[in-house]
Amino acid sequence: MLMEIKTVTNAAVEYLRTQIVTGNLKANQKISENELASTLGVSRLPIREAFRVLENEHLVVNVPRKGTFVSDVSMEDLLGLSQVREMIESHVIELLKNKNIKRLPLVEAALEKASRLPLPLEKNTEEILQYHVAFSGFHIKLVEAAENYRITHFYKALCPSLTRYQILYLFFPGSGELSLQSHRQILSYIEMGEYDEARKNLLNHIRYTTEILQKSLLEKKENAG
C-alpha cells in the first residue's frame, strides 16, 4: 500500500512539476486539491504528499487557511538562483582545472544533442521539455564532470526552480543559437586547458541570460501595473 501511494505521489509530482515549469499553471495560481485529485483520478493523500515535495522544490507555497499556490516568478528569486549558479559552476571549472580534466565527452554529447533540435512550439509541452533538457544538459553534465556528488546533488536541487526561468529564456529570439555558441566556446576553452577563459565565458553566459530575464520580468510587471 505504501509503495502504491509513493508511486501515485511521484506521478502527481511529475505532472504538477511539468505544468508549473512550462507555465501551464501560472505564478500565484491556486491549485485545488480536490480538482487535481479528480483530474488525475487519485485520492487526496498522494496530492498532499506531492504538494510537500513541490514546496521543498520552491515550486508551490502553502498559505494556511487559503490553500496551495504556484510560487511566484520574481526578480529576487531569479537573482538568487543566478548567484548560486555562478558560485557552483565557476567552482566546477576550478575543480576541472585542479584535476587537469580537458576531455568532456558527455558534455560534448549534450551539446551535440541540443544543436540538432528545432525550436519547440510554445503550446507543445513535450517539445518544450525535450528542448530544455537538451540545452540544460550541457550545464548538468559539466557539473557532473567535476566528480563531486555533493556538488552535483546540490546543483540538481536547484533545477526545478531554475527550469522555470530557463524555459522563459528559450523563447527569446536567437536565444538558442546564442546559447549554443556560448556552450561551444566554454567547452573549447576547457579542451585547450584555458580554464580561466572558460570560467569567464561561463559567467558572462549566465549573467547575460539573467539580464535578459530581468528585463522581461520588469516589462511584465510594468504592463501588469
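**Exercise 1. Which residues have the most contacts inside the largest nonpolar core?**

Before we start, a word on the model: it is predicted, local features need pLDDT of at least 70, side-chain atom pairs count only at pLDDT 80 or more, and totals for chains, interfaces and linings use all residues. Residues are numbered from 1 along each chain as its sequence is written, and side-chain values use heavy atoms, with hydrogens and water left out.

*Solution.*
- Step 1: Settle the terms. A nonpolar core is a set of buried Ala, Val, Leu, Ile, Met, Phe, Trp, Tyr and Cys residues joined through side-chain atoms within 4.5 Å; buried means under 20% relative accessible area (1.4 Å probe, protein chains only).
- Step 2: Pick out the residues. The largest core has 43 residues, and those with the most contacts inside it are Val92, Ile93, Leu96, Leu104, Leu142 and Ile190.
- Step 3: Place the core among the helices, which are DSSP runs of H or I with at least four residues, numbered from the N terminus. Two or more residues come from each of helix 4 (75-98), helix 5 (105-115), helix 6 (125-144), helix 7 (149-170), helix 8 (175-191) and helix 9 (195-224). Helix 7 gives the most, with 9 residues.
- Step 4: Look elsewhere too. A second, separate core of 15 residues includes Ile20, Ile31, Val60 and Val70.

**Exercise 2. Find the contacts of Ile93, leaving aside its neighbours within four places in sequence.**

*Solution.* Taking contact as heavy atoms within 4.5 Å, you should find Leu142, Ile190, Tyr195, Ala198, Arg199 and Leu202.

**Exercise 3. Work out the strand order of the sheet and its edges.**

*Solution.*
- Step 1: Strands are DSSP runs of E with at least two residues, and two of them pair if DSSP finds at least two bridges between them.
- Step 2: The open sheet of 3 strands has the order 1-3-2, with antiparallel pairing. Strand 1 (30-31) and strand 2 (60-63) each have a single partner strand, so one side of each lacks a neighbour in the sheet.
- Step 3: Strand 2 is joined to strand 3 (residues 67-70) by 4 bridges. Val61 has Phe69 as its bridge partner, and Val63 stands opposite Gly67.
- Step 4: These two strands form a hairpin with 3 residues between them, where Arg65 in the turn has a positive phi of about 65°.

**Exercise 4. Describe how helix 2 meets helix 3.**

*Solution.*
- Step 1: The axes of helix 2 (residues 33-40) and helix 3 come within 9 Å and cross at roughly 115°. Axes are lines fitted to C-alpha atoms over the stretch in contact, with angles from 0 to 180 degrees between N-to-C directions.
- Step 2: Helix 2 is therefore roughly perpendicular to helix 3 (65 to 115 degrees).
- Step 3: Among the residues that meet are Leu36 and Leu40 in helix 2, and Ile47 and Phe51 in helix 3.

Technical notes:
Buried means under 20% relative accessible area, exposed over 50%, partly exposed in between (1.4 Å probe, protein chains only). Angles under 35 degrees count as roughly parallel, over 145 as roughly antiparallel, 65 to 115 as roughly perpendicular and the rest as oblique.
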